[in-house]
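Reader: I should like to learn how aromatic ring pairs are read from a set of coordinates. Please take me through the general idea and then the case at hand.

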Amino acid sequence: MNPIKILWVDDEVNLLKPHIIFLEQRGYLVHTCESGAEAIEEIKKQDFDIVFLDENMPGLSGLETLSEIKEIKNLIPVVMITKSEEELIMDDAIGSKIADYLIKPVNPNQILLTLKKNLHHTRLVSEKTASNYRQEFRNIAIELASVNSFEEWSSLYQKLIYWEIELEDIEDNSMVEILESQKHEANLQFFKFIEKNYKNWFDNPKNSPVMSHTVFREYAVPEIKKGKPVLMVVIDNLRYDQWKVIESTIAPYYKKMEEKTFFSILPTATQYARNAIFAGLMPSEIEKLYPQYWKNDVEEGGKNLFENELLTHQIKRLGLNNIKHHYTKVTNLYFAKKFAEKFSEQKEFDLSVLVYNFVDMLSHAKTETEVIKELASNDKAYRSLTLSWFKNSPLIDIIQQAQKMNFQLIITTDHGTINVKTPTKVVGDRETSLNLRYKTGRSLTYDNKDVYAIKNPKDIRLPTTNMSSSYIFAKSDLFLAYPNNFNHYVNYYKNSYQHGGISLEEVIIPFVILEPK
């Protein structure tokens, strides 16, 4: 590895001899200049890793020299060193994107700390993060061996996501691979947990997690009753890890009060889970009470066209007759901009519900568009793409307006999604549903070990198209593929983001309550 080269610019450079010796003893190469003009010539001639720049020099000032350096080599970090504590100089230097700001007299350890922060930061953080995860690995393994409740699964999943994001930029890929292995094992164990307990949650709701059909009543209504206007944003297909990466973009406007999770119902698909959220009912109950609002998988037409009507009925059933609400669904950029332009109209409502479909469109686009496949080739890239969208979307403008209007903010979703890797064969008739993570229909043939099979859909409160209909849900990162044209089918859908099955990513999803700053 080549030694780090430092350019130190100071008209009293002879006084810096102890500092230079200190740095050279630690392997740094220090080149000195006594004026800004001399420094600029050196910058033109050779490369330096960092510049220490005195602010008060005859001729070109430190700030003037800084401006010249940035024009020549914009990415080189520059540390301003000055005797002055004037706030105006600090503001000018920071506004010029300096790497650090030190007040004279500086001691050698201050210089060393600045070097470590600016030149060794990535390596030091990487090494420390990897070391911390090595220590935590055993604790996670112990938890994974003993986890046996929905609360413990939620906690473990959040811990895995924390480490997945922490390890995102470390240099040691082996740590990332170990975590991926732990996460895969967790999904296999989670599937067994769901297989064992899911039916029982409907027979014994007091011992069940908050789920799609109870989340509005349990989590949203207490906030609505506080009397402050509430903006509830349902971002379709938003996983917990995606929430964690967009959280910092919301932080300048809202402070987080509570970060909760709830369990999406099965299938973890919009048609079922989101209708359940707005209705406060399971799909079979929606079909029974409001048949005009429900369409089964094989029926023609949109499956989520009556969310506002279902929400209106739920609000009445909950006795919230004095609540005035408004519902909007955004499915493209045009509608999003229109809603943002007219957001001030929402001040008339106690509850404003905004369904935002971008992340769902992104996951489907990844399957169908080669460019998106490359941009979202794995979970890290998928998170990054989500963050980039969010920062530049009308939704962040809407959130800013909501903050100014003193709205309470709720961010949630209907289900998550998983990157599918492995096909498992399934056979069904022409009436079988098309989803890759679940199937419903008659005479389904499948590998028992790869799916959670429900022979009687009423057991888990799902509707049936006929007497012999059943449901199957794929586990972990499997996807359901037909034997006909199997290889083409597999190549097309492998490494795409799908939902409808059983995985931590699809089932355990965020519900976040935020207060305006």
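Reader: How many aromatic pairs does a search of the whole structure find?

Author: A pair of aromatic rings is described by the distance of the centres and the angle of the planes. Rings of Phe, Tyr and Trp (its six-membered ring) pair if their centres lie within 6.5 Å; planes under 30 degrees apart count as stacked, over 60 as edge-to-face and the rest as tilted. On that basis, the search of the whole structure yields 34 aromatic pairs. The rings of tryptophan 153 and phenylalanine 190 are edge-to-face, because their planes stand at 70 degrees, with the centres 5.3 Å apart.

Author: A word on the basis of these values. This is a predicted model, in which local features need pLDDT of at least 70 and side-chain atom pairs count only at pLDDT 80 or more, while totals for chains, interfaces and linings use all residues. Residues are numbered from 1 along each chain as its sequence is written, and side-chain values use heavy atoms, with hydrogens and water left out.

Reader: Which helices hold tryptophan 153 and phenylalanine 190?

Author: Helices (H or I, at least four residues) and strands (E, at least two) are DSSP runs, numbered from the N terminus. Tryptophan 153 belongs to helix H7 (residues 150-166) and phenylalanine 190 to helix H8 (residues 173-203), so the pair ties together parts 37 residues apart in sequence.

Reader: Are tryptophan 153 and phenylalanine 190 buried or exposed?

Author: Buried means under 20% relative accessible area, exposed over 50%, and partly exposed in between (1.4 Å probe, protein chains only). Both tryptophan 153 and phenylalanine 190 are buried.

Reader: What is the geometry of the pair formed by tyrosine 219 and phenylalanine 511?

Author: This pair is tilted, because the ring planes of tyrosine 219 and phenylalanine 511 are at 55 degrees; their centres are 5.3 Å apart. Tyrosine 219 in helix H9 (residues 212-224) and phenylalanine 511 in strand S19 (residues 508-516) are 292 residues apart, and the pair links these distant parts of the chain. Tyrosine 219 has 13% relative accessibility and therefore counts as buried. Phenylalanine 511 is buried as well, at a relative accessible area of 0%.

Reader: Which residues do ring pairs link into a cluster?

Author: The cluster comprises Phe150, Trp153, Phe190, Phe193, Tyr198, Trp201, Phe202 and Phe263.

Reader: Where does arginine 26 lie?

Author: A charge sits over a ring if NZ of Lys or CZ of Arg is within 6 Å of the ring centre and within 35 degrees of the ring normal. Arginine 26 lies over the face of phenylalanine 22, at 3.7 Å from the ring centre.
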